[in-house]
Amino acid sequence: RLDPETGKIYHLKFDPPPEHVRGRLVHRSDDQEEKIRTRLGQYHSQVEGVLGNLKSADQCFVDGTKKPDDVFEEIFVFLGASGGVWPALESAPAPIETAPAPISVSSPPEKVVCIAGPPAAGKGTQCEKIVAQFGLVHLSTGDILRDHVKRGTALGKKAKEYMDQGLLVPDDLITNLVITRMQESDVMAKGCLLDGFPRSAKQTTSLVEAGINIHKFIRIDVPDEALIERGVGRRLDPETGKIYHLKFDPPPEHVRGRLVHRSDDQEEKIRTRLGQYHSQVEGVLGNLKSADQCFVDGTKKPDDVFEEIFVFLGASGGVWPALESAPAPIETAPAPISVSSPPEKVVCIAGPPAAGKGTQCEKIVAQFGLVHLSTGDILRDHVKRGTALGKKAKEYMDQGLLVPDDLITNLVITRMQESDVMAKGCLLDGFPRSAKQTTSLVEAGINIHKFIRIDVPDEALIERGVGRRLDPETG
């Protein structure tokens with residue numbers, strides 16, 4: 001079952017949730033037996049095509065019915081077989097036992113915008129428009145948190161301790177994660193849009209004390225009753241992450257059957273969250289007296305809301321210039337990418353749904369220092385940043401369609417050229433998943449050196465799958 005507040009997935013039998021979490025869990029449509037059998041059929045038909053195109057890669061087939069530590073022992077031996085080429089890390093970084101010390105910065109970004117709004121106020125739509133028009137880097141605490149957990153950083157390890165217990169990550173830890181992200185080169189060059197952060201007086205104070213100034217603060221205001229109507233009609237597509245509304249943005253017929261009504265979108269939960277939002281936002285405002293502030297009527301049409309925001313952000317002239325024009329969308333499939341210097345360590349791990357692949361990915365990253373690459377994470381990052389590939393992918397996602405192979409492959413290859421992957425190597429999680437994707441990687445000059453497949457009988461997978469519940473807040 002999924003916990004919508006944390007995003008963590010529990011299993012009613014094998015990994016039962018704490019009592020205080022159980023009531024909010026969601027049974028995803030993808031974890032129904034019929035859907036699992038369909039996905040297993042797709043997996044079996046695709047994985048043979050992948051193997052047929054990876055004859056040069058060392059291959060390891062692991063019995064996934066064993067305990068996770070026993071599964072990893074086989075993987076560890078397999079990856080360590082080449083000696084110095086695949087050395088395990090001497091030891092994993094020690095976990096942080098206490099709250100991290102506050103971070104202080106000497107050179108903060110010159111453009112920092114914060115946007116706040118209650119649940120279902122339309123904040124996500126306005127974030128997309130702001131990023132497209134002003135070129136700011138979109139920063140979401142959820143994205144930052146997931147990235148640190150995936151990479152196994154010290155801050156990410158500490159955050160995971162809370163997430164694994166179904167708890168919310170504390171303010172001081174979230175603030176340090178955000179400040180760390182704000183020191184990266186893209187934010188320093190372009191400025192950033194803080195999406196829903198800071199959300200409390202404590203977080204605001206911590207930012208100020210760290211030397212971070214919020215220059216522009218935008219609040220979208222919508223009456224509670226209108227927000228409740230918006231919220232209770234929302235449905236999540238678990239395959240694409242897109243949120244529809246049964247009345248205002250109805251899904252295509254072929255998508256409707258798999259949609260999930262998150263527990264957070266029930267009226268009682270929405271009223272609780274609205275109460276929390278109202279009490280917190282005043283504390284934020286009280287600590288941001290030096291920031292220019294703009295309160296927008298969120299009941300207007302999205303374009304009219306953005307017009308007010310556009311005028312507000314553009315009021316300082318050359319300090320906040322809008323981009324002359326957004327990049328033209330790609331109208332045709334992108335040309336294949338070719339690389340001259342591929343990464344020296346590329347591992348691929350494959351396995352059917354509920355085989356325990358995620359657990360093994362965490363262990364491999366911790367022991368061998370590889371960069372974990374997930375197509376879902378890469379896709380969301382490009383869409384958030386509004387890249388050319390991200391814009392094209394969004395066209396498909398907005399129609400409830402899966403993103404085509406050639407586009408996914410180009411996104412992955414682009415990510416594999418970044419400095420961290422070139423230095424450390426990478427773990428491709430569930431990619432390539434088809435013969436076409438495999439061929440495209442090989443033709444681009446990418447070699448997969450090690451291929452791991454976790455095998456579990458279908459009936460065991462169905463038992464695992466139907467009992468899973470997701471915590472939507474932690475994943």
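Which residue in S5 is the bridge partner of Ser140? That is a friendly place to start, and point 3 below comes back to it. Here are some notes to help you find your way around.

1. **What you are looking at.** This is a predicted model, so a word on confidence comes first. The mean pLDDT of the protein is 82, and 86% of the residues reach 70 or more. Two stretches deserve care: pLDDT stays under 50 over residues 92–98, and the same can be said of residues 325–333. For residues 92–98 the model has nine contacts beyond four places in sequence, and for residues 325–333 there are nine as well. Where pLDDT is low, the predicted coordinates should not be read in detail.

2. **The overall build.** The protein has 475 residues, of which 47% count as buried. Along the chain there are 20 helices and 14 strands. If you take the contacts with a separation of 6 or more, 77% of them are made by residues 24 or more positions apart.

3. **The open sheet and its S4 side.** A good landmark is an open sheet of five strands with parallel pairing, in the order S4-S5-S3-S6-S9. Its edge strands are S4 (137–140) and S9 (292–297), each of which pairs on one side only. From one strand to the next, the twist averages 20 degrees. Begin at S4, which pairs with S5 in the parallel sense over four bridges. Here is the reply to the opening question: Ser140 has Asp195 as its bridge partner in S5.

4. **Strand S5.** This strand covers residues 192–195. Cys192 and Leu194 point one way from the strand, while Leu193 and Asp195 point the other way. Buried or exposed, what are these four residues? All are buried. Asp195, the partner of Ser140, is thus among the buried residues of the strand. On to the next neighbour: S5 is joined to S3 by four bridges, and the two run parallel. Within that pairing, Val112 has Cys192 in S5 as its bridge partner.

5. **From S3 to S6.** Strand S3 spans residues 112–116 and pairs with S6 in the parallel sense over four bridges. To see one of these contacts between strands, look at Ala116, whose bridge partner in S6 is Arg219. S6 is mostly covered, with five of its six residues buried.

6. **From S6 to the S9 edge.** Strand S6 takes in residues 216–221, and six bridges join S6 to S9, again running parallel. Lys216 stands opposite Asp292 in S9. With S9 you have reached an edge strand.

7. **Aromatic pairs: Phe76 and Phe368.** Now for the rings, where the structure holds four aromatic pairs. In one of them, Phe76 and Phe368 are tilted, at 5.5 Å centre to centre with 50 degrees between the planes. The pair links distant parts of the chain: Phe76 belongs to helix H3 (residues 68–79) and Phe368 to helix H14 (residues 357–368), 292 residues apart. Phe76 is partly exposed, because its relative accessible area of 33% falls between the limits of 20% and 50%. Phe368 counts as buried, because its relative accessibility is 6%. Phe72 joins Phe76 and Phe368 in one aromatic cluster.

8. **Aromatic pairs: Phe134 and Phe310.** Why is the pair of Phe134 and Phe310 tilted? The ring centres are 5.5 Å apart and the planes stand at 45 degrees, and tilted is the class for pairs that are neither under 30 degrees nor over 60. This pair, too, links distant parts of the chain, with Phe134 in helix H4 (residues 123–134) and Phe310 in helix H13 (residues 302–314), 176 residues apart. Phe134 is buried, with a relative accessible area of 7%, whereas Phe310 counts as partly exposed at 34% relative accessibility.

9. **Charges over rings.** Finally, two lysines are worth a look. Lys242 has its charged end over the ring of Tyr244, 5.1 Å from the ring's centre. The charged end of Lys450 sits over the ring of Phe78, 4.8 Å from its centre.

Conventions
Residues numbered from 1 in each chain as written. Predicted model: local features only at pLDDT ≥ 70, side-chain atom pairs only at ≥ 80, totals over all residues. Heavy atoms only, no water. pLDDT = per-residue confidence, 0-100. Contact = heavy atoms within 4.5 Å. Pairing = 2+ DSSP bridges. Axes fitted to C-alpha atoms, helices over the stretch in contact; angles between N-to-C directions. Phe/Tyr/Trp six-rings, centres within 6.5 Å; stacked < 30°, edge-to-face > 60°. Buried < 20%, exposed > 50% of the residue type's maximum accessible area, 1.4 Å probe, protein only. Lys NZ or Arg CZ within 6 Å of the ring centre and 35° of its normal.
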